[in-house]
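Thank you all for coming; I would like to walk you through one model this morning, going from the overall fold to single residues. Please have a look at the sequence and the structure first, and then we can go through the details together.

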Amino acid sequence: MTAIAKWFYPVVVLALLWNLMGLFAFWTDVTMTPEQIAALPAAMQEAYQSRPLWSVLATAAAVLGGTFGTVLLLLRLPLATPLLVVSLLGVVLQDISFALDPAARALVDQTVIILQGLVLLIAFGLCYLARMAGQRGWLKTG
């Protein structure tokens, strides 16, 4: 095993915090009560109710894969890589769903586009980091 770069653990801890925020946001979203949904602006209610189940499942894959993947990356376990790939695929499917949903597209502004782009970039970066860590021998084997 090669020496692990000094930046590896701080980057992975930040990634874990990022993914925990995503997990919290997802949990908050899927546990909304009917009263909370009714309190949303009409356009948000329509977007919330029009999203297909596969979109919600893609988001679950993105946040769960990202969270568990970064925990495993922090522990330097090779299973981190496929979980982070699942997370990236979840983000891509989530973005596709968002692009296909007219109610969701109606809510798009520059901030949403920037945030979704950042989510995609970080998911891609974590896949790259996990792959690189494996290639450099930073992940535990056997």
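Let me begin with one residue, Leu100, which counts as exposed because its relative accessibility is 59%, where buried means under 20% relative accessible area, exposed means over 50%, and partly exposed lies in between, with a 1.4 Å probe and protein chains only. Leu100 sits in helix H5, and when I speak of helices I mean DSSP runs of H or I with at least four residues, while strands are runs of E with at least two, numbered from the N terminus.

Before I go further, a word on the source: this is a predicted model, in which local features need pLDDT of at least 70 and side-chain atom pairs count only at pLDDT 80 or more, whereas totals for chains, interfaces and linings use all residues. Residues are numbered from 1 along each chain as its sequence is written, and side-chain values use heavy atoms, with hydrogens and water left out.

Now, what is Leu100 part of on the surface? Together with Trp54, Val92, Leu93, Ile96 and Leu120, Leu100 makes a nonpolar surface patch of about 510 Å². Patches here are made of residues with over 30% relative accessible area and no salt bridge, with like charges joined within 9 Å and nonpolar side chains (Val, Leu, Ile, Met, Phe, Trp, Tyr) within 5 Å, and the accessible areas come from the Shrake-Rupley method with a 1.4 Å probe, where for residues only the protein chains shown count as cover. Helix H5, residues 80–100, gives the most to this patch, with four residues.

Let me step back to the whole protein. It has seven helices and zero strands, and along the sequence the pattern reads α-α-α-α-α-α-α. Taken along the principal axes, the C-alpha atoms fill a box of roughly 55 × 25 × 25 Å, and of the 142 residues, 32% are buried.

How do the helices pass one another? For this I use axes, which are lines fitted to C-alpha atoms, for helices over the stretch in contact, with angles running from 0 to 180 degrees between N-to-C directions. The axes of H4 and H5 come within 7 Å and cross at roughly 150°, so these two helices, H4 and H5, are roughly antiparallel to each other; angles under 35 degrees count as roughly parallel, over 145 as roughly antiparallel, 65 to 115 as roughly perpendicular, and the rest as oblique. H4 passes H5 in a left-handed crossing, a term that applies if the near helix is turned anticlockwise from the far one by less than a right angle, clockwise being right-handed.

For H5 and H7, the axes come within 8 Å and cross at roughly 160°, and H5 and H7 are therefore roughly antiparallel as well, with a left-handed crossing. Between H5 and H7 we can also place a pair of residues: Leu88, found in helix H5, is buried at 17% relative accessibility, and the C-alpha atoms of Leu88 and Leu121 are 9.2 Å apart in space although the two residues are 33 residues apart in sequence.

Helix H1, residues 8–30, and helix H7, residues 110–135, have axes that come within 12 Å and cross at roughly 140°, and H1 and H7 are therefore oblique to each other.

That brings me to the charged pair. Which side chains meet in a salt bridge? They are those of Arg51 and Asp29, at 2.6 Å from N to O, a salt bridge being a side-chain nitrogen of Lys or Arg within 4 Å of a carboxyl oxygen of Asp or Glu. Arg51 lies in the loop between helix H3 (42–50) and helix H4 (53–74), and Asp29 in helix H1, so the pair ties together parts that are 22 residues apart in sequence. The structure holds one such salt bridge, and Arg51 counts as partly exposed at 26% relative accessibility.

Finally, please look at Arg76, in the loop between H4 and H5, whose phi is near 60°, a positive value in a residue other than glycine. Most residues other than glycine have a negative phi. Arg76 is buried, with a relative accessible area of 13%.
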